[in-house]
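The exercises below ask you to work through a structure residue by residue, with a worked solution after each task. Please keep the sequence and the model open beside the text while you read.

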Amino acid sequence: MWLRCTSRRLLTPFNRALKHGRLNASSWSGKVAAVMPEAAGFQGVTDRATLQEFSHAHSDSFWAAMANHRLTWTSAYDTVQDCDLRRGKVKWFVGGKLNVSVNCLDRHVLTCPDRVALIWERDEPGAEVKVTYRELLEMTCRLGNLLRRRGVKKGDCVTIYISDALAERIRDANSSTVITVNQGVRGGKMIDLKKTVDAAVDTCPNVRQVFVAMRTETPVVMKDRDVAMEEYVFDYHDGDVFGCVADIGWITGHSYCVYGPLANGATTVLFESTPIYPDPGRYWETVQRLQINQFYGAPTAIRLLLKYGDQWVHKYDRSSLKTLGSVGEPINTEAWEWYHKVVGDGRCPIVDTWWQTETGGICIAPRPSDPDAEIVPGMAMRPFFGIKPVLVDNEGEELTSKSASGALCIAQPWPGMARTIHNNHQRFIETYCQPFPGYFFTGDGASRTEEGYYQITGRLDDVINVSGHRIGTAEIEDNHCSAVAESAVIGYTHDIKGQGVYAFVVLKKEADITEPELRQQLKDSVSKSIAKYASPDYIQIAQRLPKTRSGKIMRRVLRNVVERDLEGLGDLSTLDDPTAVQEIIQGHQALCNKQQ
């Protein structure tokens with residue numbers, strides 16, 4: 001929770017001597033300057049490789065230069081870091097103070113007040129709202145002052161309504177204030193958020209007020225605790241339009257729709273709708289109309305659009321695009337190729353990014369690197385500066401050979417990493433620090449090539465053990481069949497093999513193939529690329545897969561359906577469309593009846 005404070009004296013970027021690395025023109029390189037201008041202050045740094053080495057060997061100097069050059073400090077820090085991964089101790093820039101609004105708004109208002117900060121891409125095409133940095137600062141101040149007048153003070157927790165699991169989150173955070181809107185709008189459908197808030201807050205005695213903004217014209221019943229408020233809207237270069245189409249309520253939305261772009265003075269798009277509303281050309285119509293330069297989306301959305309064919313892409317002008325990004329899970333080769341060749345016309349580099357909520361930002365990606373550096377389809381490839389990934393075996397030993405596969409850990413702390421779990425630091429230690437002492441455990445598996453490139457194989461709990469053979473589900477899913485738009489593979493209990501392979505597949509709209517032909521093609525493909533024991537026992541054709549609003553396939557739901565544990569489906573509030581679960585249940589039953 002932030003409150004505005006504009007009377008403090010601010011320390012502007014680079015206005016203090018860089019005691020951790022003086023500027024030295026003799027070590028300068030044009031390529032390094034293009035990637036990271038701060039590298040001018042690092043002795044011996046002339047290219048990407050030496051910059052990577054410097055960021056590991058001189059971690060304090062590297063991160064101090066980033067902090068001093070790219071941020072405005074209210075109070076200077078005393079110590080760059082005080083971290084011990086073995087004990088779960090993570091402290092950065094000790095003694096320093098920052099204000100997120102100052103860094104995202106105030107400093108840009110001083111230099112470019114009329115630059116567009118946000119483009120709110122509303123649910124209906126062509127109804128976008130543009131907000132300048134000056135206007136966004138004014139809105140922020142008004143909201144901050146409203147909260148302050150209503151008794152919200154420094155240290156209070158304010159909840160912004162995201163999903164049906166609201167009551168649990170309010171109680172966990174001990175919130176006294178909730179902010180919501182009367183209705184949400186997505187894909188032409190109205191979602192009654194206020195009703196959900198009312199039901200949740202009725203069970204949360206700590207909540208003393210609910211601020212309600214009007215997203216639609218539909219009136220709502222206001223309770224005594226409710227406060228009506230006016231509606232508020234919410235390789236980059238100056239002038240670019242950055243389009244991250246993630247849901248704002250999720251970490252990608254936080255980091256790459258709001259904080260990241262605004263901290264860099266960018267123009268960023270807030271996408272309210274869905275990839276297929278009012279038709280499957282929505283993303284590309286938005287690119288054409290808003291002249292988006294960088295497009296950042298999820299593999300699941302790319303696979304969904306691939307299903308509808310190329311015509312929806314070719315219908316619109318995408319010449320403004322410079323870079324295409326992928327986020328959320330490993331992108332399969334077929335989707336990568338379609339994204340690159342069809343959407344990007346073969347000219348836009350694709351950055352397949354690996355990161356997590358816990359990492360705070362992108363940690364492994366093909367860029368930044370030399371413009372002509374190799375990009376391998378479906379591979380995150382290169383660790384970002386200051387990030388030191390390692391692969392560890394089951395015994396906790398670091399795998400030092402160039403080519404290896406194991407648990408993905410990070411060997412050194414970095415400023416963006418998680419520091420704790422709210423109200424449960426012991427769980428933080430047990431989850432991230434204890435599995436492999438001395439390392440930050442990501443929970444993901446990865447392989448490393450001879451060239452030092454990293455390939456994410458998926459969550460380590462997304463591993464199927466078939467007759468003693470451990471197989472990553474992503475390995476099976478990344479098999480080619482021209483009729484398949486996307487797939488999801490899970491393991492299920494098997495009396496003989498321990499676990500069997502169960503595959504869900506969604507076909508392309510124009511697919512012309514019989515079920516027996518499809519099953520045989522997929523089995524042959526998996527047998528050839530991996531091994532015969534990895535071939536799916538069951539292949540269920542589905543109209544769609546259950547996904548969160550951020551586009552991730554809910555594999556735990558698929559597992560519960562296959563294991564016939566419908567009572568254990570758990571919280572489905574994050575699903576984009578809960579009816580998809582019923583379709584999966586019915587399809588599973590039909591497949592079981594057919595194979596009996």
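**Exercise 1. Locate K508 and describe its surroundings.**

Solution. The model is a predicted one, and the first step is to place the residue along the chain: K508 belongs to the loop that runs between β23 and α15 (515-529). The second step is to ask how accessible it is; its relative accessible area is 14%, and because buried means under 20%, K508 is classed as buried. The third step is to list its neighbours: leaving out residues up to four places away in sequence, K508 touches L306, K307, E334, S482, A483, V484 and A485. One of these neighbours, S482, also offers a polar partner, since its backbone oxygen lies 3.0 Å from a polar atom of the K508 side chain. As a last step, compare sequence with space: K508 and A542 are 34 residues apart in sequence, and their C-alpha atoms are 11 Å apart.

**Exercise 2. Decide whether E121 is buried or exposed, and find which side chains make polar contacts with it.**

Solution. Begin with the strand: E121 lies in β3, which covers residues 116-121. Its relative accessibility is 0%, so E121 counts as buried. Next, look at what surrounds this glutamate, again setting aside residues up to four places away in sequence: the residues touched by E121 include E128, V269, F271, S273, R282 and R289. Finally, examine the two arginines: the side chain of E121 is joined to that of R282 by a polar contact of 2.8 Å, and to that of R289 by a polar contact of 2.6 Å.

**Exercise 3. Describe how T267 is placed and what its side chain reaches.**

Solution. T267 lies in strand β12, residues 267-271, and its relative accessibility of 8% makes it buried. Its side chain reaches the backbone oxygen of V116 at 2.4 Å. V116 is also among the residues that T267 touches, as are R115, A117, Y236 and F242, when residues up to four places away in sequence are not counted.

**Exercise 4. Explain why helix α16 is described as largely enclosed, and say what follows it.**

Solution. First count the buried positions: 6 of the 8 residues of α16 (residues 555-562) are buried, and the helix is therefore largely enclosed by the rest of the structure. The buried residues are R555, V557, L558, N560, V561 and V562. Then identify what they pack against, namely α14 (473-477), β22 (484-494), β23 (498-507) and α17 (579-595). After the helix comes R564, which lies in the loop between α16 and α17 and is exposed, with a relative accessible area of 54%. Its phi is near 60°, a positive value in a residue that is not glycine. Most residues other than glycine have a negative phi.

**Exercise 5. Find where the cis peptide bonds before P278 and P368 are located.**

Solution. Take the bond between Y277 and P278, which is cis with omega about 0°; P278 is in the loop between β12 and α9 (282-290). Then take the bond between R367 and P368, which is cis with omega about 10°; P368 is in the loop between β15 (350-352) and β16 (389-392).

**Exercise 6. Identify which residues touch the most other members of the largest nonpolar core, and follow the aromatic residues.**

Solution. The largest nonpolar core has 41 residues, of which F42, L51 and F62 touch the most other members. Helix α3 gives the largest share of this core, 6 residues. Now turn to the rings: F42 and F62 belong to one aromatic cluster that also includes F54, W63, W73, Y77, W92 and F93. The whole structure holds 23 aromatic pairs. Among them is the edge-to-face pair of Y256 and Y296, 5.6 Å centre to centre with 85° between the planes. This pair links distant parts of the chain, with Y256 in helix α8 (residues 251-263) and Y296 in strand β13 (residues 294-297), 40 residues apart. To finish, check accessibility: Y256 is buried at 17% relative accessible area, and Y296 is buried at 5%.

Key
Residues are numbered from 1 along each chain as its sequence is written. This is a predicted model: local features need pLDDT of at least 70, side-chain atom pairs count only at pLDDT 80 or more; totals for chains, interfaces and linings use all residues. Side-chain values use heavy atoms; hydrogens and water are left out. Buried means under 20% relative accessible area, exposed over 50%, partly exposed in between (1.4 Å probe, protein chains only). Helices (H or I, at least four residues) and strands (E, at least two) are DSSP runs, numbered from the N terminus. Contact means heavy atoms within 4.5 Å. Rings of Phe, Tyr and Trp (its six-membered ring) pair if their centres lie within 6.5 Å; planes under 30 degrees apart count as stacked, over 60 as edge-to-face and the rest as tilted. A polar contact is a pair of N or O atoms within 3.5 Å; within protein, one must be able to donate a hydrogen and the other to accept it, and residues adjacent in sequence count only if both atoms are side-chain atoms. A nonpolar core is a set of buried Ala, Val, Leu, Ile, Met, Phe, Trp, Tyr and Cys residues joined through side-chain atoms within 4.5 Å.
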